[in-house]
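User: Could you show me how to read a pocket and its ligand in a model like this one?

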Amino acid sequence: MKILVVGATGTIGSAIYNSFKGAGYEVFGAHRHSDSHPIDITNKESIANIFKTLPKLDAVINAAGTASWKPLAELTEEDYYVGIQSKLMGQVNLVHVAKDYLADKGSITLTTGILAEHYEPNAVALSLVNGALHSFVNAASNELERGIRLNVVAPGAILGDFPADQKFAGHFPISIEKAIKLYQQALTENITGQILKKY
Ligand SMILES: NC(=O)c1ccc[n+]([C@@H]2O[C@H](COP(=O)([O-])OP(=O)(O)OC[C@H]3O[C@@H](n4cnc5c(N)ncnc54)[C@H](OP(=O)(O)O)[C@@H]3O)[C@@H](O)[C@H]2O)c1
């Protein structure tokens, strides 16, 4: 099975990359500053280029995308567009491109997070895009053809990035291993339209 991991040098993406490579899959790691597989999910042409240059893929997993961290009172319209362009439309565009290039019965997995349904100060703009992505996956998964599946992983704060004894959005951080199990589930189980949460 050939898998593309986007955001492959990040906290979550590097763990996904290493875990699936270790399990014997053929894994390609992509991110903006990659020498071999550069991709910018804010640019649809850049997404398409990756799919054109790589062999036919069975799965794509995205662990890239950002948004503005600010209190509500300081958030400008432009601040919201950062997350809308990056984490939201970056992943939506990835779905639009991947659905045309993936092998039959291929798997697409996106990443959101706990902020879709739990409050954390300064994270309103992230909550907005995470919630939108959950609704998108819920609906868009019904219209994918050729058996292509679409799921989203929503992890809590990852231990290491966040200290073990401090709550984030009302919950203690989770180990990266617990998050990786959700990506494995999305890849290997015959599920679609699911929001796989761990927090
Ligand atoms: N870490 C956590 O605790 C946590 C918890 C829940 C959810 N999340 C979510 O999970 C996602 C990944 O988080 P992370 O902490 O693993 O991120 P990270 O450590 O900051 O890594 C981000 C990765 O994505 C790449 N990247 C950034 N912007 C990109 C773009 N526009 N196009 C393509 N690649 C891009 C980066 O490499 P380049 O800079 O080379 O592009 C890097 O490989 C984020 O959406 C985050 O909100 C994170």
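Analyst: Happy to; we will go from the pocket to the ligand. Keep in mind that this is a predicted model.

User: How does one find empty space, and how much space lies in the largest pocket here?

Analyst: The general idea is that rolling a probe the size of a water molecule over the atoms shows where empty space is left. In this structure, the largest pocket holds about 910 Å³ of space. Its lining has 37 residues, and those closest to its centre are Ala63, Ala64, Gly65, Thr66 and Lys87.

User: Which helix gives the most to the lining of the largest pocket?

Analyst: That is helix 1, with 3 residues. Helix 1 (11-22), helix 3 (77-101) and helix 4 (124-140) each contribute at least two residues. Sorted by class, the lining comprises 17 nonpolar, 16 polar and 4 charged residues.

User: Where does the ligand sit?

Analyst: You will find the ligand in the largest pocket. Around the ligand are 24 residues, with Thr9, His31, Arg32, Gly65 and Ile158 the closest. This shell splits into 10 nonpolar, 10 polar and 4 charged residues.

User: And which polar contacts should I look at?

Analyst: Look for pairs of N or O atoms within 3.5 Å. The side chain of His31 has an N or O atom 2.6 Å from a ligand oxygen. Backbone atoms take part too: a backbone N or O atom of Ile158 is 2.8 Å from an oxygen of the ligand, and a polar backbone atom of Thr11 is 2.9 Å from a ligand oxygen.

User: How much of the ligand does the protein bury?

Analyst: Taken alone, the ligand exposes 900 Å², and the protein buries 79% of that.

Technical notes:
Residues numbered from 1 in each chain as written. Predicted model: local features only at pLDDT ≥ 70, side-chain atom pairs only at ≥ 80, totals over all residues. Heavy atoms only, no water. Near = heavy atom within 4 Å. Polar contact = N/O pair within 3.5 Å; in protein donor to acceptor, adjacent residues only side chain to side chain. Areas by Shrake-Rupley, 256 points an atom, 1.4 Å probe, with all protein chains shown as cover. 1 Å grid on protein atoms, 1.4 Å probe; cavity = no way out; pocket = protein on both sides within 12 Å on 5 of 7 lines; lining within 4 Å. Sits in = over half its atoms within 2 Å of the grid points. Nonpolar A, V, L, I, M, F, W, Y, C, P; charged D, E, K, R; others polar. Points joined across faces, edges and corners; volume = space filled by probe spheres on them. Helix = DSSP H or I, 4+ residues; strand = E, 2+ residues; numbered from the N terminus.
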